[in-house]
Amino acid sequence: MIPGAFEYLRPKTLSDAIAMLATHGDEARPLAGGHSLIPMMKQRLASPSHLVDLAAIADLAVLREEPDGLVIGAMVTQRALLGSALVQVKAPLLIEAAQQIADPQIRALGTLGGNVANGDPGNDMPAVMMCLDATYMVQGPKGARQIKAREFYRGAYDTALAAGEIVTAIQVPVVAGQGVAYEKLKRKVGDYAVAAAAVALTLRSGEVTSCAIGLTNVAPTPLWAKDAAALLVGTRLEADAVKKAVAAAEAITDPAADGRGPADYRRKMAGIMLARALARAQQRAA
Amino acid sequence: MAKINVTMTVNGEEVSGLAEPRTLLVHFIRETLNLTGTHIGCETSHCGACTIDLDGVSVKSCTRFAVQAEGAQIRTIEGMAEANGTLHQLQESFRQMHGLQCGYCTPGMILRAWRLLQENPHPSEDDIRQGIAGNLCRCTGYQNIVKAIQHAAATLNGETIAEAAQ
C-alpha cells in the first residue's frame, strides 16, 4: 500500500505553515501525527498534492496552565499528555481518555490536535472536549479565532474549520473538585469505540451542581448530551434519575450498524457506558 | 516527484539515502538501507511487526514517511546484538523462554520490549501486557512472550530468574 505522490513541506513557523496551506489550497493537507491521514493516503482515500508537516513548529508543542485553563498545543502527543504531571492533576479526564486510545506506538505519535481536528466520529478526544467545554484555538489565512468544541463538529470529517485553517491549541477549563470518568467499550486494543461516554460533574453535599456528558462514535459526530446532563442537576444520582438521563442520552444517538454491532446494541451500550461513567465520576467528585 | 536526500542515525551509524516523499520509513529501512529485520505485517498500523525505536519512543515504521525521520535516532533489530554476535538479553530470553514460533512478529516485539524496559525496568505482568498491546503475535498466545520479557527484566536487574523460568 503506497500512497500517491505528494510534495513534502516542513515549515518552521506557524505563519509559514498557514501560507503554504493557503498557496496550495484544497489539495494541501496539514500533517500532525499522521495516524489517521497516512492510512487514508495508503488506501488512496486521500491524495493530497502537498503535505505540510507541522512537526518542526515549536509553538504547537506548548503545554501550560493559564488563567483560563490548560493550553495544550495541537502537536502534543497522547504519550506526552500521559506523561504530564500538570495534565494528571488539572485535567485527569484527558489522561483517562488518552490511556484508552489505540496502543503505545500510536500514542507516541498521535497528537491531540489531530485527534480533535480530523472530525472522525471514532476519535475519543472530541467527546471529551465537548464534555469539558474546551475551546479550540484556530489559525488561518484570515487570522486567529476560537471555536468551542461543542460547536465544532458538523458531520463525519466535517468541522467548523474554514479552508486553510488549522487547530493550533486546545484550551481546557480547569474545574476544582470535578469528578470525571471516560468509559469506553471496544472490541480489542486499537479499535474504535463500540460506544463511549465522558462525564464531568460537581457535587455539593451529594447533590449534583453541574454535569456535562459527551458521547463517542454513536453518531456521525461526537455528541454533547446537553439535555441528559441537565436532567441530573439537582439530583443525587439516584437510580431513577440516572435511568432518565441514560434514556435521554440514548435518544440523541444515531449509531451506524457495522462490525461493532447493530445500531440498537450500540445505542444501549452508549447508555451503559454513561451509567458507568456517572457512577465513577460521582465517586471521584470532591 | 523528486527524491529527497534523507539522513538519519540507525543503530549508531549515520546513514543517508534518497527517498520520494511518499516512501514509508519501513520501506526505506528495508529497501534503501537493506536492513530487512524490520518486518512489514499489516501495513495498517495494527500489527506492530514494523516497530522500531525512533527518538526514544516505539513507533510503527509503516505509518511514518522516511522524510519525517530526517535527523532521527533509530534503532532496529539489527542494532540489538553485539558486534561479535552475542545476543542482547531480550533476544536470549526470547530464545530460552520460547517467546517465538514463526518469528515474524519478533523484531517488533523485541524493539517494543526494549523500550518498555528502558522506561520501566521492573514491569508487572500487566505492565508488559499493556506495553505490548500494539504488537500482534498469531503463534504463541503471548504467554511465552510475556515470560521472555519477565525473564529479560529479571536478568538485566540481576535478580533470580528461577521464578520467571517456571
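Student: Which backbone nitrogen does the side chain of Thr77(A) reach?

Tutor: Some ground rules before that. This is a predicted model, so to speak of a local feature we need pLDDT of at least 70, side-chain atom pairs count only at pLDDT 80 or more, and totals for chains, interfaces and linings use all residues. Residues are numbered from 1 along each chain as its sequence is written, chains are lettered from A in the order in which they are written, and side-chain values use heavy atoms, with hydrogens and water left out. Now, a polar contact is a pair of N or O atoms within 3.5 Å; within protein, one must be able to donate a hydrogen and the other to accept it, and residues adjacent in sequence count only if both atoms are side-chain atoms. Here the partner is the backbone nitrogen of Ala80(A), at 2.9 Å from the Thr77(A) side chain.

Student: Where is Thr77(A) found, and is it buried or exposed?

Tutor: Helices (H or I, at least four residues) and strands (E, at least two) are DSSP runs, numbered from the N terminus. Thr77(A) lies in the loop between strand S5 (69-73) and helix H3 (78-82) of chain A. Buried means under 20% relative accessible area, exposed over 50%, partly exposed in between (1.4 Å probe, protein chains only). At 17%, Thr77(A) is buried.

Student: What does Thr77(A) touch?

Tutor: Contact means heavy atoms within 4.5 Å. Leaving aside residues up to four places away in sequence, Thr77(A) touches Arg107(A), Ala108(A), Leu109(A), Gly110(A) and Thr111(A).

Student: Why is helix H5 of chain A largely enclosed by the rest of the structure?

Tutor: Count its buried residues. H5(A) spans residues 92-99, and 6 of its 8 residues are buried, so the helix is largely enclosed. Those buried are Leu93(A), Leu94(A), Ile95(A), Glu96(A), Ala97(A) and Ala98(A).

Student: On to the two chains: how many residues of each are in contact?

Tutor: 30 residues of chain A meet 29 residues of chain B. For area, we take the accessible area (1.4 Å probe) that two parts lose on being put together, summed over both. Chains A and B bury about 2,400 Å² between them, 63% of it on carbon and sulfur atoms.

Student: How many salt bridges does the rule find across that interface?

Tutor: The rule wants a side-chain nitrogen of Lys or Arg within 4 Å of a carboxyl oxygen of Asp or Glu. It finds 2 between chain A and chain B. One of them pairs Arg79(A) with Glu119(B), with the closest N and O atoms 2.3 Å apart. There are also 8 residue pairs in polar contact across this interface, both residues at pLDDT 80 or more.

Student: Which elements of chain A supply at least two residues to the side touching chain B?

Tutor: Strand S1 (7-9), helix H2 (37-42), strand S3 (50-53) and helix H6 (104-109) each do. H6(A) gives the most, with 5 residues.

Student: And inside chain A, what are the domains?

Tutor: Bounds like these come from an automatic or database domain assignment. Chain A has domain 1 (7-53), domain 2 (58-172) and domain 3 (179-284). The centres of domains 1 and 2, taken over C-alpha atoms, are 18 Å apart. Their contact takes 11 residues from domain 1 and 13 residues from domain 2.

Student: How much do domain 1 and domain 2 of chain A bury between them?

Tutor: About 1,100 Å², with 75% of it on carbon and sulfur atoms. On the domain 1 side, Leu14(A), Ile18(A) and His35(A) lose the most area to domain 2, together 47% of what that side buries. The count of salt bridges between these domains is 0, and the rule finds 0 residue pairs in polar contact there.
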